[in-house]
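Reader: I would like to know how the labels put on a structure are justified. Could we go through some of them one at a time?

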Amino acid sequence: MRAQFVMSEIGVGLRRNLTMTFAVIISVALSLALFGGSLLMRDQVSAMKGFWYDKVNVTVYLCTKNDAIDAAGAPVTAGAPAAGGGKPCSKGAVTPEQKQGIETELKKMALVQTVMYESSDEAYKHYKERFGHTALASVVTPDQMPDSFRVKLRNPEKYAVITSAFAGRDGVQSVADQSSELDNLFALLGTLNWAALGIMLIMLIVALLLIVNTVRVSAFSRRRETGIMRLVGASGFYIQVPFIMEAAVAGLIGAGLACGMLGAGQYFVIDHGIALRDKLQLINFIGWDAVLTKLPLVLVIGLLMPSLAAFVALRKYLKV
C-alpha cells in the first residue's frame, strides 16, 4: 500500500511540473554527456600518446660538406674551424671517427632501444618515394641529404636527453625529435578537454538549481497533503521519499539520454556514418570497451546527484 502511494505521488509530481521536469532531464543529459565525453577524450588522448610516442624516433643528422660553408662562402675542410666557429658543422663534414663515436655512444645509452644508420643515398631514396611528385624533388641531389642515426627510445618522452647530449657536437648538424610536434597536438587536445569539463560544470550547476527549484515547487503545490501527513504521524523520511524519487527518476532519464548520446557518438561519428575510424586511419581511436565502461558511472551520477540535491533542499524547505 505504501509503495503504491509513493509511486502514485511520483507520477502526480512529474505531471504537475512537466515543463520543469523536462528542463531538468535535458540539463542532466547535456551535463552528463559532456562529463562522459571528457572522460572518453582523456582515454583517447592517452591511447594516441601510447600509439604515436611508440612510433616516433629521435633523428641525429650528421654534417655534410654542403653544411660547412663559412661567412665568405668558401668551403671549410674537415677539422678546420670556420669563421663563425661554434655554429653547427663549423668544423666541416662529419669524419668517420666522429660518426663511429656517435654511434657507439648512442648504443651505450640505457635510454636507447635501437640505433639505425641511414646514409645520404638511402635518405635520398626515401625522400624521392615520399616527395617525388613535387617540384622541389627535381633539384635535390643525394649529396644534399645528410647521413643520420634513427634512434628509438625506450621512453620517447625523454627525448631531451638525446638532444642535450648531441646537439652542437662536432659532426652533428641537428637533433630532431617528432615528439615535440606531438606535444603541441596533445596540449591542444588537453585544453579542449578542460574546456569541455568547464562547460560540463556550468551545466551541472544549472541542473542542480533546476532540481532544487522543481522540488520546492512540487513541495509547495502539495503543502496541504504534506501537512495532513504530518498530522497523522507520517515520518519525515516518508514525506520526503516521493519528492526525492521524482528527482531521481528525472535524473535517471537524463542519464539514460546521456548514455544514448555517447553511444550514438561512437557509432555514428567514429565507427559508422561519418566513420572517422576509416577516414583517419593514422589515429588510434578508442573502441566500445572504453564507452561501455563509462556508462555505469554516468547512470550512477545521474541517479545520485538529483536525489542528494532534493534531499538537501527538502530538509530546509519542509523542516521535517
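Author: What follows is a set of questions about labels, each answered from a predicted model.

Reader: Why is the contact of Lys-294 and Asp-43 called a salt bridge?

Author: A side-chain nitrogen of Lys must lie within 4 Å of a carboxyl oxygen of Asp or Glu. For Lys-294 and Asp-43 the N to O distance is 2.6 Å, so the pair meets the rule. By this rule the count comes to six salt bridges.

Reader: What makes this pair a tie between separate parts?

Author: Lys-294 belongs to helix α10 (residues 288-317) and Asp-43 to helix α2, so the pair joins parts 251 residues apart in sequence.

Reader: Is Lys-294 called buried or exposed, and why?

Author: Its relative accessible area is 12%. Buried means under 20%, so Lys-294 is buried. Asp-43 has 25%, which lies between 20% and 50%, so Asp-43 is partly exposed.

Reader: How do you know which label fits each partner in the salt bridge of Asp-271 and Arg-277?

Author: The closest N and O atoms of that pair are 2.9 Å apart. Asp-271, at 17%, falls under the 20% limit and is therefore buried. Arg-277, at 29%, is above that limit but not over 50%, so the label is partly exposed.

Reader: What makes the buried residues of α3 lie on one side?

Author: The buried residues of α3 are Ile-102, Glu-103 and Leu-106. They cover an arc of only 95° around the axis, and therefore sit on the same side of the helix. Among the elements that cover them are β1 (58-62), β2 (112-118) and α5 (159-166). The face turned away from the buried side carries the exposed residues Glu-97 and Lys-108.

Reader: Where do the partners Glu-103 and Lys-107 lie, and which label does Lys-107 get?

Author: Both lie in helix α3, four residues apart, about one turn of the helix. Their side chains meet in a salt bridge at 3.2 Å, N to O. Lys-107 has a relative accessible area of 53%, which is over 50%, so Lys-107 is exposed.

Reader: Why can Ile-253 count towards a nonpolar surface patch?

Author: A patch residue needs over 30% relative accessible area. Ile-253, in helix α8, has 43% and is partly exposed, so Ile-253 passes that cut-off. The patch of about 530 Å² is made by Phe-22, Ile-26, Leu-30, Ile-253, Leu-257 and Met-261. The elements giving two or more residues to the patch are α2 (18-53) and α8 (236-271).

Technical notes:
Residues numbered from 1 in each chain as written. Predicted model: local features only at pLDDT ≥ 70, side-chain atom pairs only at ≥ 80, totals over all residues. Heavy atoms only, no water. Patch = residues over 30% accessible without salt bridge, like charges linked within 9 Å, V, L, I, M, F, W, Y side chains within 5 Å. Areas by Shrake-Rupley, 256 points an atom, 1.4 Å probe, with all protein chains shown as cover. Buried < 20%, exposed > 50% of the residue type's maximum accessible area, 1.4 Å probe, protein only. Arc of directions from axis to C-beta. Contact = heavy atoms within 4.5 Å.
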